[in-house]
Amino acid sequence: MGIISCIHSILFVLMVAQVIHGSEIHLKLDSVIPPNITTDDANFFTHSAFRVLIGADPPTAFKFMKVSEAEFPALNGQGVSYAVLQFPSGSLNPSHRHPHSAELLFLLIGSLKVGFVDANDVLHTLTLQAGDLFIFPVGVVHYQYNYGRDLAFAISAFGSANVRTITTPVALHLAILISSSIKYSVLTEIRQIKCIYT
């Protein structure tokens, strides 16, 4: 099985998992067709914005594309959205949080250093390799950083069709980390984060 077939298989599994999640009680019925749409054929349920990524030159800075209800109305009531994240060498997705949704990041290409601060002020970090999944729980401050020489490419799935992203001011984020009751062994990681932001 080639790498592309493997990627397609994994993406299919992720989509099935999101459909299962979408069947929870708090979500709306099957789909909510906007009043200005007169037909609900397959075109309504198709979004092709990510086609621009196929064969495109890699970006020179961190870049993301999202598909939420605003860009793809068929997501209304489905409790799912996606983002594609591209990290050239040395690029950072700065600290931010999603107050109403978890984020499931799937690293397709490259390696990423990821981290989040939990409700007990503990910093959790890990270096991901291609093929790894990492969950950022609902509402936690988190980041991703490509320290490697090559491009890193990831897809994030969210448990909401309208994910809000709140970027954390760098100075405030670092002040919270430093003043919190994080174990001394984690302070090295904080210093590394400081270096990333400066």
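Which residue takes a positive phi in the hairpin of β5 and β6? D121 does, at a phi near 65°, and the hairpin has 5 residues between its strands. The model is a predicted one, and this report reads it from the whole chain down to single contacts.

## Overall build

The chain has 198 residues, and 40% of them count as buried. Its secondary structure comes to 3 helices and 10 strands. Along the sequence the pattern runs α-β-β-β-β-β-β-β-β-β-β-α-α. Contacts reach far along the chain: residues 24 or more positions apart account for 73% of the contacts with a separation of 6 or more.

Confidence varies. The average pLDDT is 78, and 65% of the residues score at least 70. Over residues 176-191 the pLDDT stays under 50. For that stretch the model has 17 contacts beyond four places in sequence. Where pLDDT is low, the predicted coordinates should not be read in detail.

## The open sheet

An open sheet of 5 strands has the order β6-β5-β8-β3-β10, and its pairing is antiparallel. The edges belong to β6 (123-129) and β10 (166-167). Each edge strand has a single partner, so one of its sides is left without a neighbour in the sheet. Strands of a sheet pair through backbone hydrogen bonds, either parallel or antiparallel.

The table follows the sheet from the β6 edge to the β10 edge.

| Strand pair | Bridges and sense |
|---|---|
| β6 and β5 | 7 bridges, antiparallel |
| β5 and β8 | 5 bridges, antiparallel |
| β8 and β3 | 3 bridges, antiparallel |
| β3 and β10 | 2 bridges, antiparallel |

Single bridge partners fix the register. K113 has T127 of β6 as its bridge partner. Towards β8, V117 is bridged to V141, and F116 to H142. H142 of β8 also stands opposite H96. At the β10 edge, R97 has I166 as its bridge partner. Strand β3 covers residues 92-97.

## Burial of β5 and β8

How many residues of β5 are buried? The count is 7 of 7, so β5 is largely enclosed by the rest of the structure. The strand has two faces. S111, K113, G115 and V117 point one way, while L112, V114 and F116 point the other way, and all are buried. Strand β8 (residues 141-145) has 4 of its 5 residues buried, so β8 too is largely enclosed by the rest of the structure.

## The β5-β6 turn

After β5 the chain enters a loop that leads to β6, and D121 lies in that loop. D121 has a positive phi of about 65° although it is not a glycine. The relative accessible area of D121 is 28%, so D121 is partly exposed. The residues of β5, by contrast, are buried.

## Aromatic contacts

The structure holds 6 aromatic pairs. One of them joins F116 and F136: the ring centres are 6.4 Å apart and the planes stand at 80°, so the pair is edge-to-face. F116 lies in strand β5 (residues 111-117) and F136 in strand β7 (residues 133-136), so the pair ties together parts that are 20 residues apart in sequence.

Are these two rings on buried or exposed residues? F116 has 10% relative accessibility and counts as buried. F136 has 0% and also counts as buried. F116 thus has two roles in this picture: its ring pairs with F136, and its bridge partner in β8 is H142.

Elsewhere, ring pairs link F62, F64 and F87 into a cluster.

## The second largest pocket

About 300 Å³ of space lies in the second largest pocket. Its lining is made of 17 residues. Which of them lie nearest the centre? They are F64, H96, H98, F158 and T165. The elements that give two or more residues to this lining are β1 (63-67), β2 (81-87) and β3. The largest share, 4 residues, comes from β2.

Two of the central residues recur from earlier sections. F64 belongs to the ring cluster with F62 and F87. H96 stands opposite H142 in β8.

Terms used. Residues are numbered from 1 along each chain as its sequence is written. This is a predicted model: local features need pLDDT of at least 70, side-chain atom pairs count only at pLDDT 80 or more; totals for chains, interfaces and linings use all residues. Side-chain values use heavy atoms; hydrogens and water are left out. Rings of Phe, Tyr and Trp (its six-membered ring) pair if their centres lie within 6.5 Å; planes under 30 degrees apart count as stacked, over 60 as edge-to-face and the rest as tilted. Buried means under 20% relative accessible area, exposed over 50%, partly exposed in between (1.4 Å probe, protein chains only). Two strands pair if DSSP finds at least two bridges between them. pLDDT is the predictor's confidence in each residue, from 0 to 100. Contact means heavy atoms within 4.5 Å. On a 1 Å grid over the protein atoms alone, a cavity is a set of points where a 1.4 Å probe fits but cannot get out, and a pocket is an open set with protein on both sides within 12 Å along at least five of seven lines; lining residues have an atom within 4 Å of a point. Grid points are joined across faces, edges and corners, and a volume is the space filled by probe spheres set on the points.
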